[in-house]
Amino acid sequence: MTRPAGRVLTLLELLQSGGTRTVAELADRLGVDGRTVRRYVDQLIDLDVPVESVRGRYGGYRLGAGYRLPPLMLSDDEALAVLLGLVAGRRAGTVAAGHTASETASAKIRRVLPGHLAGRLDTLLESLAFTDGPGELAAPDTGVLPPDTGVLLTIADAVRHSRPVSMRYTGGDGRRGERTLHAYGIVAHAGRWYVTGRDPGIGEDRTFRLDRITDARALPGSFEVPAGADPAARVLSGFATAGYRHEVALRIHGTAEQIRARLPAAVAILEEEEGPAAGDDPTPGRWWRVGIRAERLDWLPPVLAALDRPFVIERPDELRDLVAELADRLASFARRVP
């Protein structure tokens, strides 16, 4: 039988999940009567946990704001999510001011993690790569669901031990199917999670979004990871070469850093090449051939204007017209007198 102290902690976990819990609901979840629930609530209050009583037909108990942080009860999935968030925050530089607090928070959670989960977390961190450099913050896509923790840990384990993994995947077109993958690594890019590797069925490298995987299990056997495999570079290359409506070919004069500031690796492919002269422009740099695949072109003219570097549009003609229209609008605005 569960000890009373254990039931009190379970009560705290239930209240921390949010909302108002009725006495009947709490009694059922804890396996006790209503009077015992009230006694457990009194014990939490004695520990300075801010439990509020809600009156009325749908009343019960809820957790309120207190003068200090009460003990937090985290599930395995929640603890893992917090730790990964701290890792990503340090990577992006968003917790630089509170670096010590971030480290101590991570240490406290890891100290009480079950041994098996701590080991799988280490495996995941070893398998994880970022496309953003330290200090670069990519805005997360709020319309994307986070990956399932079980899927994430299973694939990370398969990456570490070079074991094939079977998974159920839903493609962008809504089609579902069973896939087998020789996973090389897990990549965090622009708020999304990806796994990249080789599909032995078709003999090609593939990249899959982790939030679209509903089931994953390791298969017997192992595979050889090719030398020089770079999962993060593979994801970026996949975005830059994906099939879209327009294939844009440009030549831009400048440094790689100047161009990458507006056209990152996930958007454009850069190739160093000699091109037409840049006139008397004293800015250091050289001509680069830039390839972009895009579903729409309307976003490119403002980007080229923001680059403020000499460029040549090789194709498509539609982009040349859009840039000219933007230039005319800007010139018209500049001539306006208040």
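Here are some questions and answers about this predicted model.

Q: Which helix gives the most residues to the largest nonpolar core?
A: Let's start with the core itself, which has 30 residues. At least two residues each come from α4 (76-92), α6 (115-127), α7 (149-161), β4 (165-170), β5 (176-189) and β8 (213-218). The top giver to this core, with 7 residues, is α7.

Q: Which residues of the largest nonpolar core does I155 touch, leaving out residues up to four places away in sequence?
A: I155 sits in α7 and is buried there. In the largest core, the members that touch the most others are L124, I155, I186, V195, L210 and I213. Skipping residues up to four places away in sequence, I155 touches V165, A183, I186, V195, L210, I213 and A216.

Q: How many residues are in the other core?
A: Apart from the largest core there's another one. Among its members are A268, L270, V290 and L300. Its size is 19 residues.

Q: What does α7 reach from its first C-alpha to its last?
A: Helix α7 has 13 residues. At 1.5 Å a residue, 18 Å would be expected, and the model comes close to that. From first C-alpha to last, α7 reaches 18 Å.

Q: Which residue follows α7, and what is its phi near?
A: Just after α7 comes S162. The phi of S162 is positive, near 50 degrees.

Q: Why do the buried residues of α11 line one face of the helix?
A: Helix α11 (residues 317-335) buries L319, V323 and L326. An α-helix has 3.6 residues a turn, so residues three or four places apart point the same way. Looking down the axis of α11, you'd see its buried residues line one face because they fall within an arc of 60 degrees.

Q: What covers the buried residues of α11, and which residues are exposed on the other side?
A: The cover over the buried residues of α11 includes β9 (246-254), α10 (300-307) and β12 (311-315). Flip to the other side of α11 and the exposed residues are D317, D328 and R335.

Q: Is R209 buried or exposed?
A: You'll find R209 in strand β7 (residues 204-209). Its relative accessibility is 13%. Buried means under 20%, so at 13% R209 counts as buried.

Q: Which side chain does the side chain of R209 join in a polar contact?
A: R209 is a buried residue, and its side chain takes part in a polar contact of 2.9 Å. The side chain at the other end belongs to D211.

Conventions. Residues numbered from 1 in each chain as written. Predicted model: local features only at pLDDT ≥ 70, side-chain atom pairs only at ≥ 80, totals over all residues. Heavy atoms only, no water. Core = buried A, V, L, I, M, F, W, Y, C linked by side-chain atoms within 4.5 Å. Buried < 20%, exposed > 50% of the residue type's maximum accessible area, 1.4 Å probe, protein only. Helix = DSSP H or I, 4+ residues; strand = E, 2+ residues; numbered from the N terminus. Contact = heavy atoms within 4.5 Å. Arc of directions from axis to C-beta. Expected span 1.5 Å × (residues − 1). Polar contact = N/O pair within 3.5 Å; in protein donor to acceptor, adjacent residues only side chain to side chain.
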